[in-house]
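Got your viewer open? Let's take a walk through some charged side chains and see who pairs up with whom.

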Amino acid sequence: HEMVVRGTDGGGLSAHCKVHVEVLDVNDNVPEIALTSISASIPEDAPPRTVVALFRVRDRDSGDNGRTECAIDGELPFSLTPTFDNYYELRTEAALDRERTPEYNITITAVDWGTPRLSSQENISVQISDV
């Protein structure tokens, strides 16, 4: 913000100056995960790299406070692929076997780069259908 400040003394003399105020962002917003599309069921013979879900991460802060990164919790046969404009694809990473694991509960964690680092999570449940 810019403003002009004028000071006048009792004798009628005055002076003015420009004041520039820069407002710094505080890391006060957690990243938001918004699911765009999701497949609730995937066949067990789905090839690796099959898209399971598409989601977007948004953080209303600016600068590093608004930069985010995403990860999947645990050792699961899924991976995250960044696409564009903070969109990510959740994809299968390996062959699936319904008889061994009929359902996966996947936790996606989004973390910002601010100080302190803030995070949020989204849980996705994916059923594996029999072939």
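Before you click anything, one bit of vocabulary: a residue is buried when its relative accessible area is under 20%, exposed when that area is over 50%, and partly exposed in between. Keep in mind, too, that this is a predicted model.

Here's the theme of the tour: side chains of opposite charge can pair when their charged atoms come close. A search of the whole structure turns up seven salt bridges. We'll visit some of them.

**Stop one.** Select Glu32 and Arg58. They form a salt bridge, with the closest N and O atoms 3.0 Å apart. Now colour the strands: Glu32 sits in strand β3 (residues 32-38) and Arg58 in strand β5 (residues 51-58), so the pair, 26 residues apart, links distant parts of the chain. Glu32 counts as partly exposed because its relative accessibility is 32%, and Arg58, at 40%, counts as partly exposed too.

Keep those two selected and add Arg60. Glu32, Arg58 and Arg60 are linked in a network of salt bridges.

**Stop two.** Move on to Asp64 and Arg67. Their side chains meet in a salt bridge, 3.7 Å from N to O. Asp64 has 43% relative accessibility, so it counts as partly exposed. Arg67 has 42%, which lies between the two cut-offs, so Arg67 is partly exposed as well.

**Stop three.** Select Glu89 and Arg91, whose side chains meet in a salt bridge at 2.6 Å, N to O. Are Glu89 and Arg91 buried or exposed? Glu89 is buried because its relative accessibility is 17%, and Arg91 is buried with a relative accessible area of 14%.

Key
Residues numbered from 1 in each chain as written. Predicted model: local features only at pLDDT ≥ 70, side-chain atom pairs only at ≥ 80, totals over all residues. Heavy atoms only, no water. Salt bridge = Lys/Arg side-chain N within 4 Å of Asp/Glu carboxyl O. Helix = DSSP H or I, 4+ residues; strand = E, 2+ residues; numbered from the N terminus. Buried < 20%, exposed > 50% of the residue type's maximum accessible area, 1.4 Å probe, protein only.
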